[in-house]
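I set out to record what I looked up in this structure, entry by entry. The topics are charge, burial and surface patches.

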Amino acid sequence: MKLIDRLKPEFRLVLEQDTENPLYCQEIAEALEEYQFVIHIPYGVIISMDFLFGNLDSPYNYFNEI
């Protein structure tokens, strides 16, 4: 299961509907479609997620538990 499938609905909505930051959305979506584990997400993508979704102290908080 890819991380894009585990992304919480409120963040998926931001990712799909944000038109002001298309490069951030694309970068995040590509990474989440590629990786299965949060630990594999590059740090730059985590920073982009913090910017777009808001900082939640841990990238694990953006995802639903398996």
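I looked up Glu34 first and placed this residue in helix α3; helices are DSSP runs of H or I with at least four residues, numbered from the N terminus. The model is predicted, so I accepted local features only at pLDDT of at least 70 and side-chain atom pairs only at pLDDT 80 or more, while totals for chains, interfaces and linings use all residues. Residues are numbered from 1 along each chain as its sequence is written, and side-chain values use heavy atoms, with hydrogens and water left out.

Entry: negative patch. I found Glu34 in a negative surface patch together with Asp5, Glu27, Glu30 and Glu33. Helix α3 (residues 22-34) contributes the most to this patch, with 4 residues. Patch members have over 30% relative accessible area and no salt bridge, and like charges are joined within 9 Å. I took accessible areas by the Shrake-Rupley method with a 1.4 Å probe, counting only the protein chains shown as cover. Asp and Glu count as negative, Lys and Arg as positive, and His and the chain ends are not counted. The charge is placed at CG of Asp, CD of Glu, NZ of Lys or CZ of Arg.

Entry: salt bridge. How many salt bridges does a search of the whole structure find? I obtained 1, the criterion being a side-chain nitrogen of Lys or Arg within 4 Å of a carboxyl oxygen of Asp or Glu. Arg12 pairs with Glu16, and their closest N and O atoms are 4.0 Å apart. The two are separated by about one helical turn because they lie 4 residues apart in helix α2 (residues 9-17). Arg12 is partly exposed at 27% relative accessibility, and Glu16 is exposed at 57%; buried means under 20%, exposed over 50%, and partly exposed in between.

Entry: Arg6. I located Arg6 in helix α1 (residues 3-6). Arg6 is buried but has no salt bridge, and the nearest side chain of opposite charge, Glu65, is 5.9 Å away. Beyond four places in sequence, I listed its contacts (heavy atoms within 4.5 Å), among them Gln36, Tyr62 and Phe63.

Entry: Ile41. I found Ile41 in the loop between α3 and α4 (43-53), buried at 7% relative accessibility. Beyond four places in sequence, Ile41 touches Leu3, Leu32, Tyr35, Ile46 and Phe63.

Entry: nonpolar patch. I noted a nonpolar surface patch of Phe37, Ile39 and Tyr60, with about 370 Å² of accessible area together; nonpolar side chains (Val, Leu, Ile, Met, Phe, Trp, Tyr) are joined within 5 Å. Tyr60 sits in the segment after α4 and is partly exposed at 48%.

Key:
Buried < 20%, exposed > 50% of the residue type's maximum accessible area, 1.4 Å probe, protein only.
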